[in-house]
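Trainee: I am new to this structure and would be grateful for a close look at its cysteines and at the packing around them. Please take me through that part in one connected account.

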Amino acid sequence: GGFTPMFIACQNGHLSVCKWLFEVGAAADITKASNNGATPMWVACQNGHLPVCEWLFEVGAAADITKASNNGSTPMCIACQEGQLSVCKWLYEVGAAADITKAKNNGYTPMIITCQQGHLSVCKWLFEVGAAADITKANNDGFFPMYVACEKGHLSVCKWLYEVGMAADITKANNDGRTPMFIACY
């Protein structure tokens, strides 16, 4: 809940509607978060609406490029999760570079989430721009990139992780003792 018309227009990428709302009295809504803490910037990043993100940035929502939702998910994190590489690159360039390694409240880093979703191009980009160490990090439950990639059947991500040095992780167990082989077969 708590969705303003501005929020909905940003979510759906309707830049002309966003601009009109801004002009007719909803300017304050460009930074108004929903009940779950997601801002218009956050939801525009989630849905890959780069022109909306850029407009929000220019008209007063620049600080929101690093503002996390209630669960600790930053715009960078949600853009990675959704495979929005162009938005990830833009966020990185305009001031959210540190967020490439910032974990959500549950310990999921952008790298873990991206591997889980199978977005190989985003995985490689994160690795290249400074999140290489995150290929070894686990979330609060012991789930690590190789594990979640195997769990979801993302073979290309599994092979990439193996090639960049995570060969030992094919037999590594999570906190419950389950290995990538176990979960892939399961």
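Mentor: A search of the whole structure finds zero disulfides, a disulfide being a pair of cysteine sulfur atoms within 2.5 Å. The model is a predicted one, in which local features need pLDDT of at least 70 and side-chain atom pairs count only at pLDDT 80 or more, while totals for chains, interfaces and linings use all residues. Residues are numbered from 1 along each chain as its sequence is written, and side-chain values use heavy atoms, with hydrogens and water left out.

Let us begin with Cys-53. Its closest cysteine sulfur, in Cys-45, lies 3.6 Å from its own, and the two are not bonded because that is too far. Cys-53 has 0% relative accessibility and therefore counts as buried; buried means under 20% relative accessible area, exposed over 50%, and partly exposed in between, with a 1.4 Å probe and protein chains only.

Cys-53 also takes part in the contact between helix 4 and helix 6. Helices (H or I, at least four residues) and strands (E, at least two) are DSSP runs, numbered from the N terminus. The axes of helix 4 (residues 50-61) and helix 6 (residues 85-96) come within 10 Å and cross at roughly 20°; axes are lines fitted to C-alpha atoms, for helices over the stretch in contact, and angles run from 0 to 180 degrees between N-to-C directions. Helix 4 is therefore roughly parallel to helix 6, since angles under 35 degrees count as roughly parallel, over 145 as roughly antiparallel, 65 to 115 as roughly perpendicular and the rest as oblique. On the helix 4 side the contact (heavy atoms within 4.5 Å) is made by Leu-50, Cys-53, Glu-54 and Phe-57, and on the helix 6 side by Ser-86, Val-87, Trp-90 and Val-94.

A second cysteine pair follows. The sulfur of Cys-158 has its closest cysteine sulfur in Cys-150, 3.5 Å away, so the distance is too great for a bond. Cys-158 has a relative accessible area of 12% and is therefore buried.

Helix 7 (residues 110-117) contributes a further buried cysteine, Cys-115. Seven of the eight residues of helix 7 are buried: besides Cys-115, these are Pro-110, Met-111, Ile-112, Ile-113, Thr-114 and Gln-116. Among the elements that cover them are helix 5 (75-81), helix 8 (120-131), helix 9 (145-151) and helix 10 (155-166). After helix 7 comes Gly-118, with a positive phi near 80°.
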